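User: I want to learn how to read helix faces and aromatic contacts in a model. Can you walk me through one?

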Amino acid sequence: QAAFGGFDKDYSVTELKENFEKKRAEIYEVKNYINKIIPPDKSVEIEFSKNNTLGIFHLKVGGKFESNWDVKINSEKADTLLQKLGWTTETLKTLKEKLDNANCIGVSNGEPCSINFQRSGMGRYSFNVFDKPISDSLKARYNDGCTYIMVNDRLVLEYGGGAIGSQCFYNLE
């Protein structure tokens, strides 16, 4: 159990809301930055694990999806991926600083922009930040009381359980 993060912290809905309120400007800064630096036909999901490693660096270029796990920042693999996005290691450094300021670990561009708050074992807590209010047709999907908790029509909290363990928020309070 412990090997899979059994003693990692579980975050409550309240803690996520509080962090969002406390770091709102910094979270929006991450969102605005990532959506500004991603070319229109591309998307990225990136998560920093240790200072010199990207736990996740998934790309979608021209409809083709590519999964990349545990990519060392100073490696040929990272250079190749950065090139595909037109990024440099400086871009990564800036993104990491913005995420650190927001008390977050990763981000996926798009609508909504998903900003990864923290991990607990295999599980991951995220903020889904929408540009426009969520349409009525999507509200049920983004407020299932399990994976998604809708805070308001532009913010949805998300918990992804990973391969093992609960797939729902542990503490809805």
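Analyst: Bear in mind that this is a predicted model. Start with helix 1, residues 13–22. V13, L16, N19 and F20 are buried there.

User: Where do those buried residues sit around the axis of helix 1?

Analyst: First the general idea. An α-helix has 3.6 residues a turn, so residues three or four places apart point the same way. Now the case here. V13, L16, N19 and F20 are the buried residues. They cover an arc of only 130° around the axis, so they lie on the same side of helix 1.

User: Which exposed residues does the face turned away from the buried side of helix 1 carry?

Analyst: That face carries E18 and K22, both exposed.

User: And what do the buried residues of helix 1 pack against?

Analyst: Their partners are helix 2 (24–37) and four strands: strand 6 (113–120), strand 7 (123–129), strand 8 (148–152) and strand 9 (155–160).

User: Now the rings. How many aromatic pairs does a search of the whole structure find?

Analyst: Eleven. Take Y11 and Y125 as one of them. Their centres are 5.3 Å apart, with 75° between the planes. Planes over 60 degrees apart count as edge-to-face, and this pair is edge-to-face. The pair also links distant parts of the chain. Y11 lies in the segment before helix 1 and Y125 in strand 7, 114 residues apart.

User: Are Y11 and Y125 buried or exposed?

Analyst: Y11 is buried, at 15% relative accessible area. Y125 is buried too, at 1%.

User: Why is the pair of Y125 and Y159 called tilted?

Analyst: Look at the angle. The ring planes of Y125 and Y159 are at 45°, so the pair is tilted. The ring centres are 4.7 Å apart. This pair also links distant parts of the chain: Y125 in strand 7 and Y159 in strand 9, 34 residues apart. Y159 is buried, with a relative accessible area of 7%.

User: Which residues form one aromatic cluster?

Analyst: Y11, F20, Y28, F117, Y125, F127, Y159 and F169. F20 is also among the buried residues of helix 1.

User: What lies over the face of Y11?

Analyst: K9 does, at 4.9 Å from the ring centre. K98 likewise lies over the face of Y33, at 5.2 Å from the ring centre.

User: One last lysine. Where is K93 found?

Analyst: In helix 4, residues 89–101. K93 has 47% relative accessibility, so it counts as partly exposed. The C-alpha atoms of K93 and I73 are separated by 9.8 Å, and the two residues are 20 apart along the chain.

Definitions and conventions
Residues are numbered from 1 along each chain as its sequence is written. This is a predicted model: local features need pLDDT of at least 70, side-chain atom pairs count only at pLDDT 80 or more; totals for chains, interfaces and linings use all residues. Side-chain values use heavy atoms; hydrogens and water are left out. Helices (H or I, at least four residues) and strands (E, at least two) are DSSP runs, numbered from the N terminus. Buried means under 20% relative accessible area, exposed over 50%, partly exposed in between (1.4 Å probe, protein chains only). The arc is that of the directions from the helix axis to the C-beta atoms. Contact means heavy atoms within 4.5 Å. Rings of Phe, Tyr and Trp (its six-membered ring) pair if their centres lie within 6.5 Å; planes under 30 degrees apart count as stacked, over 60 as edge-to-face and the rest as tilted. A charge sits over a ring if NZ of Lys or CZ of Arg is within 6 Å of the ring centre and within 35 degrees of the ring normal.
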